[in-house]
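The following note is offered to a colleague who is meeting this structure for the first time. It proceeds in numbered points, each devoted to one topic.

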Amino acid sequence: MIAFREEPAAILARLRTLREADAPTHGGHVLSYVYDPDDERIDALAAEAMRIAQPVNWLDPMTFPSAAAVERDVLGFVRGLLHGGEDVVGTLTTGGTESCLLAVKAARDAWLRAHDAVPGAARPRLVAPTTVHAAFQKGADYLGLELDLVPVGPDGRVPAERIADRLASSDDVALVVVSAPSYPFASLDPVVEVAAITAAAGVPLHVDACVGGLVLPFWPELPAWDFRVPGVTSMSADLHKYGYAPKGVSVLLQRGRDRQRHQFFATTRWPGYPVVNPTILGSRSTAAAAAAWAIIQALGEEGYRERAGVARRATDAIRAAVEGIDGLRIVGAPVGPMLAAATDEMVPVGRRVDPHRWTDAVHRRGFAIQQQPSMPQPDGSRLPGTAHLTVTPVTARVLDELLPALADAADEVRGVPRASAEALLGALPPMAGPIDSDTAGALLAAIGIGGGRLPDDQASLLAGIEALPSQLAERLLIEMVGRIAEPAQA
Ligand SMILES: Cc1ncc(COP(=O)(O)O)c(C=O)c1O
């Protein structure tokens with residue numbers, strides 16, 4: 001046996017050291033990215049399931065029937081939760097973004113087929129509220145659809161009649177998407193009303209329940225938002241969020257086999273093995289799917305219901321706490337275990353709390369909360385800048401620490417004006433047109449962002465994102481992230 005260059009224990013110790021720089025994935029101090037069920041047994045079970053499934057290649061579920069068996073079981077469970085009947089079929093994907101992309105691809109190809117068109121020759125439209133997840137912007141971008149974003153109301157929900165207006169005048173809409181709930185504000189779009197409109201127009205409707213799909217089934221008193229609504233033609237639901245599985249697994253369900261088959265890619269026109277891929281990847285791992293399968297076996301519906309109940313009580317406590325903070329308000333009527341807080345413009349300026357200043361101050365008290373920029377809508381109205389909290393069962397354990405931190409942080413920054421983007425804008429030379437990587441790198445350096453580290457004062461960064469033309473802000477963000485993983489100098 002050829003000797004390793006280094007002992008496995010030493011290699012893994014180095015990996016553990018690298019992990020020490022990460023935000024804590026467990027324990028409730030990071031209120032985004034991670035979905036901690038507060039149960040070590042779930043992690044242990046998932047790890048063992050991943051280990052067992054590790055060598056499997058899902059590329060061919062006939063050679064590896066365990067992949068298909070896992071997929072069937074998981075799809076059956078999620079279809080049941082979302083009230084899909086036997087006409088609903090599905091696919092496991094690697095995450096929410098892939099589920100969303102495939103929903104767009106299937107709808108685009110169905111539309112092209114119906115209109116006897118080919119990709120590129122026609123650009124069908126994707127209609128969705130401005131709050132729809134960015135994955136749909138990506139889908140429209142990758143797949144050549146015209147993105148038609150519809151302004152939402154002050155509560156973050158899209159008024160159904162605005163969707164009706166979009167559909168009234170044309171036959172180029174390939175897909176309408178609404179969210180259950182939306183990520184930015186946890187707003188539940190009016191699925192029943194929108195579905196009545198899309199069904200009458202013969203347009204498919206995707207309900208993006210990536211974040212809500214495994215938790216809203218256990219939320220009380222919601223209007224129908226899933227396959228119970230006849231006009232809903234597809235849904236996405238992520239197991240790596242409130243399904244508590246490791247990253248890399250989501251569900252895309254489609255009403256009707258023929259609709260779903262547009263998702264697939266197959267070719268016999270090359271000299272290699274016949275290719276048939278239901279998702280974007282070719283070779284793919286079943287590890288995360290196997291972990292999701294194992295967690296579902298362990299928890300069942302009841303286990304998910306209990307954990308949703310814990311997250312709900314924690315969400316209620318946080319909501320009450322934020323509502324009690326002078327200068328902040330909750331945006332709209334959030335549904336599910338998330339909420340967004342914005343400045344309360346009804347109080348005098350000196351009592352207002354800027355959500356981004358607040359988030360920085362909460363961070364100094366040991367909790368990471370996401371900052372979301374303010375954004376203009378196509379009708380000229382403006383969505384507020386917000387702080388976003390994703391609540392999971394583990395949050396209940398840290399409420400005694402978190403709630404005072406939220407209140408103290410607000411006391412610290414109350415009356416402090418929003419961060420100014422002037423310094424950042426002042427550092428930028430006048431520019432026109434696209435910029436190259438060196439220029440973007442120099443601009444980042446000029447504003448003090450480099451080496452993969454964000455400034456502690458993220459409120460200023462958000463102010464910059466809000467103030468810069470979005471194409472330039474996006475280009476600088478690409479540069480920032482592109483540089484993080486560049487190979488180190490030898
Ligand atoms: C509503 C919604 N859709 C899609 C996504 C994208 O999911 P992912 O990050 O797994 O690609 C998210 C992620 O937060 C989401 O909340």
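**Notes on the predicted model**

1. Strand β5. In strand β5 (residues 205-208), L205 and V207 point one way, while H206 and D208 point the other way, and all are buried. In a regular strand the side chains alternate between the two faces of the sheet. The reader should bear in mind that this is a predicted model.

2. The neighbours of β5. Strand β4 (residues 173-179) runs parallel to β5 and is joined to β5 by 4 bridges. Along this pairing, V176 has L205 as its bridge partner in β5, and S179 stands opposite D208. Strand β6 (residues 232-238) also pairs with β5 in the parallel sense, again over 4 bridges; here V207 stands opposite M235 of β6.

3. The connection from β4 to β5. Helix α7 (residues 191-201) belongs to this part of the model: β4, α7 and β5 together make a right-handed β-α-β unit.

4. The seven-stranded sheet. Which strands make up the open sheet that has β5 in its order? It consists of 7 strands in the order β1-β7-β6-β5-β4-β2-β3, with mixed pairing. The edges are taken by β1 and β3; each has a single partner strand, so one side of each is left without a neighbour in the sheet. On average, neighbouring strands of this sheet are turned by 20° against each other, direction ignored.

5. Helices on the seven-stranded sheet. Helix α3 packs on this sheet and touches β1, β6 and β7, its direction making about 120° with that of β1. Helix α6 (residues 160-168) packs on the sheet as well, touching β2, β3 and β4; the direction of α6 makes about 145° with that of β3.

6. The four-stranded sheet. Another open sheet has 4 strands in the order β10-β11-β15-β12, and its pairing is antiparallel. At its edges stand β10 (328-330) and β12 (370-372), each with a single partner strand, so that one side of each is left without a neighbour in the sheet. Neighbouring strands of this sheet are turned by 30° against each other on average, direction ignored. Within the sheet, strand β11 (residues 338-343) and strand β15 (residues 386-390) run antiparallel and are joined by 4 bridges, with H388 in β15 as the bridge partner of A340. Helix α9 (residues 287-323) packs on the sheet and touches β10, β11 and β15; its direction makes about 5° with that of β11.

7. Salt bridges between distant parts of the chain. Side chains of opposite charge can pair when their charged atoms come close. The whole structure contains 25 salt bridges. One of them joins R255 and D87, whose closest N and O atoms are 3.8 Å apart. This pair links distant parts of the chain, 168 residues apart: R255 lies in strand β7 (residues 250-255), and D87 in the loop between α3 (65-81) and β1 (88-93). Are the two partners buried or exposed? R255 is buried, with a relative accessible area of 17%, whereas D87 counts as partly exposed at 38%.

8. A second such pair. R123 forms a salt bridge with E146, the closest N and O atoms lying 2.9 Å apart. This pair too links distant parts of the chain, 23 residues apart, with R123 in the loop between α4 (96-114) and β2 (125-129) and E146 in strand β3 (residues 146-150). R123 is partly exposed at a relative accessible area of 47%, and E146 is partly exposed at 37%.

9. A buried pair and a network. D238 and K241 form a salt bridge in which the closest N and O atoms are 2.4 Å apart. D238 is buried at 0% relative accessibility, and K241 is buried with a relative accessible area of 16%. In addition, salt bridges that share partners join R125, D148, R166 and D172 into one network.

10. Helix α13. Where do the buried residues A440, G441, L443 and L444 of helix α13 (residues 437-446) lie around its axis? They cover an arc of only 160°, which puts them on the same side of α13. The face turned away from that buried side carries the exposed residues D438 and A445. The cover over the buried residues of α13 includes α15 (470-484). After α13 comes G448, whose phi is positive, near 80°.

Definitions and conventions: Residues numbered from 1 in each chain as written. Predicted model: local features only at pLDDT ≥ 70, side-chain atom pairs only at ≥ 80, totals over all residues. Heavy atoms only, no water. Arc of directions from axis to C-beta. Helix = DSSP H or I, 4+ residues; strand = E, 2+ residues; numbered from the N terminus. Buried < 20%, exposed > 50% of the residue type's maximum accessible area, 1.4 Å probe, protein only. Contact = heavy atoms within 4.5 Å. Pairing = 2+ DSSP bridges. Right-handed = clockwise from strand over helix to strand, strands pointing away. Salt bridge = Lys/Arg side-chain N within 4 Å of Asp/Glu carboxyl O. Axes fitted to C-alpha atoms, helices over the stretch in contact; angles between N-to-C directions.
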